[in-house]
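Hi everyone, thanks for making time for this. I'd like to walk you through one model today, starting with how far we can trust it and then going into the details.

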Amino acid sequence: MGAGSGIALLLLVGLLTPDTPPTRWLATRLVGETGGKDFIVVHPSADPQEVAVAAVRGAYEFQGQKCSACSRVIVLDQVHDAFVRKLVPAVRSLRVGPAADPGCRVGPLVDGEALVASAVAIVAALLFGLTII
């Protein structure tokens, strides 16, 4: 993440404001590397419905196998509940099936190895007390 996008993200999450002295802007650092995992920041000014649609499309189109697939969503407290209320039904509405079926938004896993990796990720999330939606 370049310096300009790092400052933009800090402005979005409220760590910097337009009133922050310029010397502080120069001293503020953000490491945006996410291991090749793209993310979406949900700011309180965002429309939860629009962001939920973008997150679902970013995560599930092309079965998440694009380099730009959304793998993480950073949701600020003020908009968390409203965002989740829109995200959960959007994810649950996805049809999984043959890739050739235009009504299916998510194709099958590519092989047994992908099935095991998915199962391991689900079990790990549950062990850490996370909620699977």
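So, confidence to begin with. This is a predicted model, and the protein averages a pLDDT of 76, with 68% of the residues scoring at least 70. Where does confidence drop to its lowest, and where does it peak? The low point is helix α1, residues 3-12, with a mean of 48, while helix α4, residues 80-92, has the highest mean at 93. At the very start of the chain, residues 1-5, pLDDT stays under 50. For that stretch the model has five contacts beyond four places in sequence.

Now the overall layout. The protein has five helices and two strands. Reading from the N terminus, the order is α-α-β-α-β-α-α. There are 133 residues, and 23% of them count as buried. The accessible surface comes to about 9,200 Å², and carbon and sulfur atoms account for 62% of that area. For those of you who like contact statistics, take the contacts between residues at least 6 apart in sequence: 58% of them join residues at least 24 apart.

Let's go inside. Which residues make up the largest nonpolar core? There are 12 in all, and they are Val42, Val51, Ala52, Ala55, Val56, Val79, Phe83, Leu87, Ala90, Val91, Leu94 and Val106. Two elements, α3 (48-60) and α4, each give two or more residues to this core.

Staying with helix α3 for a moment, have a look at Val53, which lies in that helix. Is Val53 buried or partly exposed? Its relative accessibility is 39%, so Val53 counts as partly exposed, falling between the 20% and 50% cut-offs. Its C-alpha atom is 7.0 Å from that of Ala90, although the two residues are 37 places apart along the chain. And Ala90, you'll remember, is one of the core residues.

Next, strand β2, residues 70-75, where we find Ser71. Ser71 is partly exposed, with a relative accessibility of 42%. The C-alpha atoms of Ser71 and Phe39 are separated by 5.9 Å, with their positions 32 residues apart in the numbering.

A word on cysteines. How many disulfides does the structure hold? The count is zero. Cys70 has a relative accessibility of 11%, which is under the 20% cut-off, so Cys70 counts as buried. Cys104 is buried as well, at 13%.

On to charges. In general, side chains of opposite charge can pair when their charged atoms come close. Here the count comes to one salt bridge. Which side chains form it? They are Asp101 and Arg95, with 3.3 Å from N to O. How covered are the two partners? Asp101 is partly exposed, with a relative accessible area of 26%. Arg95 is partly exposed too, at 44%.

Last stop, the C-terminal end of the chain. Ile132 lies in the segment after α5, the helix that covers 112-127. What does Ile132 touch, once we leave aside neighbours within four places in sequence? Its contacts are Ile122, Ala125 and Leu126. Ile132 has a relative accessible area of 45%, which is under the 50% cut-off for exposed, so Ile132 counts as partly exposed. Its C-alpha atom is 9.8 Å from that of Val88, a residue 44 places away along the chain.

To recap, then. The largest nonpolar core has 12 residues, and α3 and α4 are the elements giving two or more of them. There is one salt bridge, and there are zero disulfides. And if you zoom in on helix α1, please keep its mean pLDDT of 48 in mind. Thanks for listening, and I'm happy to take questions.

Key. Residues are numbered from 1 along each chain as its sequence is written. This is a predicted model: local features need pLDDT of at least 70, side-chain atom pairs count only at pLDDT 80 or more; totals for chains, interfaces and linings use all residues. Side-chain values use heavy atoms; hydrogens and water are left out. A disulfide is a pair of cysteine sulfur atoms within 2.5 Å. Buried means under 20% relative accessible area, exposed over 50%, partly exposed in between (1.4 Å probe, protein chains only). Helices (H or I, at least four residues) and strands (E, at least two) are DSSP runs, numbered from the N terminus. Contact means heavy atoms within 4.5 Å. Accessible areas come from the Shrake-Rupley method with a 1.4 Å probe; for residues, only the protein chains shown count as cover. A salt bridge is a side-chain nitrogen of Lys or Arg within 4 Å of a carboxyl oxygen of Asp or Glu. pLDDT is the predictor's confidence in each residue, from 0 to 100. A nonpolar core is a set of buried Ala, Val, Leu, Ile, Met, Phe, Trp, Tyr and Cys residues joined through side-chain atoms within 4.5 Å.
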